[in-house]
Amino acid sequence: MFAVKVTKFGSSEGIELPEEVIRRLQVKVGDTLYLAEGPDGLFRLTSLSPAEFDKRMKNLEKIRHKDRNILATLAKEF
């Protein structure tokens, strides 16, 4: 877990992200980050846009339905 402080940036407030977080998110200056609230009320910071997330989830659903037997076999191994 990383702790960040809310600080003043000109006339706005913001947070400064630790270098390790920037590296893990694979972002650079100027990239957009998304803050999503989960059903439990907790927030998640991600570099995936809602559209990209939806696209990936649809692809996962296609694979899940198409290769149901493969996924079931893999699940048994873990």
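What percentage of the 78 residues in the chain do buried residues make up? Buried residues come to 6% of the 78, where buried means under 20% relative accessible area, exposed means over 50%, and partly exposed is in between (1.4 Å probe, protein chains only).

A quick note before the views. This is a predicted model, in which local features need pLDDT of at least 70 and side-chain atom pairs count only at pLDDT 80 or more, while totals for chains, interfaces and linings use all residues. Residues are numbered from 1 along each chain as its sequence is written, and side-chain values use heavy atoms, with hydrogens and water left out.

**View 1. The whole chain, with its 3 helices and 4 strands.** Going along the sequence, the elements run β-β-α-β-β-α-α; helices (H or I, at least four residues) and strands (E, at least two) are DSSP runs, numbered from the N terminus. The C-alpha atoms fill a box of roughly 55 × 25 × 25 Å along the principal axes. For the radius of gyration, the chain has 18 Å, whereas a compact globule of 78 residues would be near 12 Å. That radius is taken over C-alpha atoms, and the globule rule is 2.2 Å times the number of residues to the power 0.38. Take the contacts between residues at least 6 apart in sequence: 2% of these join residues at least 24 apart, with contact meaning heavy atoms within 4.5 Å. The chain exposes about 7400 Å², and carbon and sulfur atoms supply 57% of that. Accessible areas here come from the Shrake-Rupley method with a 1.4 Å probe, and for residues only the protein chains shown count as cover.

**View 2. The hairpin of strand 1 and strand 2.** Strand 1 covers residues 6-9 and strand 2 covers residues 12-15, and the two pair in the antiparallel sense over 4 bridges. Pairing here requires that DSSP finds at least two bridges between two strands. One bridge to look for joins Val6 to its partner Ile15 in strand 2. There are 2 residues between the strands, and Gly10 in the turn has a positive phi of about 65°.

**View 3. Salt bridges in helix 1.** Arg23 and Glu20 meet through their side chains at 2.6 Å, N to O, in a salt bridge, which is a side-chain nitrogen of Lys or Arg within 4 Å of a carboxyl oxygen of Asp or Glu. The two sit 3 residues apart in helix 1, about one turn of the helix. Arg23 is exposed, at a relative accessible area of 54%, whereas Glu20 is partly exposed at 26%. Add Arg24 to the picture and you get a network of salt bridges linking Glu20, Arg23 and Arg24. Searching the whole structure turns up 5 salt bridges.

**View 4. The loop between helix 1 (19-25) and strand 3 (34-37), with Gln26.** Gln26 isn't a glycine, yet its phi is positive, at about 55°. Its relative accessibility is 71%, so Gln26 counts as exposed. A separate pair to pick out is Lys28 and Asp31, whose side chains meet in a salt bridge of 3.3 Å, N to O. Lys28 counts as exposed at 59% relative accessibility, while Asp31 counts as partly exposed at 34%.

**View 5. Arg56 in helix 2 (residues 50-66).** The side chain of Arg56 meets that of Glu52 in a salt bridge of 3.0 Å, N to O. They are separated by about one helical turn, because they lie 4 residues apart in helix 2. Both ends are partly exposed: Arg56 has a relative accessible area of 47%, and Glu52 comes in at 25%. For a sense of scale, the C-alpha atoms of Arg56 and Glu20 are separated by 25 Å, with their positions 36 residues apart along the chain.

**View 6. A nonpolar patch on the surface.** Ile63, Ile70, Leu71 and Leu74 make up this patch, with about 330 Å² of accessible area together. Patches are made of residues with over 30% relative accessible area and no salt bridge, joining like charges within 9 Å and nonpolar side chains (Val, Leu, Ile, Met, Phe, Trp, Tyr) within 5 Å. Helix 3 (residues 68-77) gives the patch its largest share, 3 residues. Ile70 is found in helix 3.
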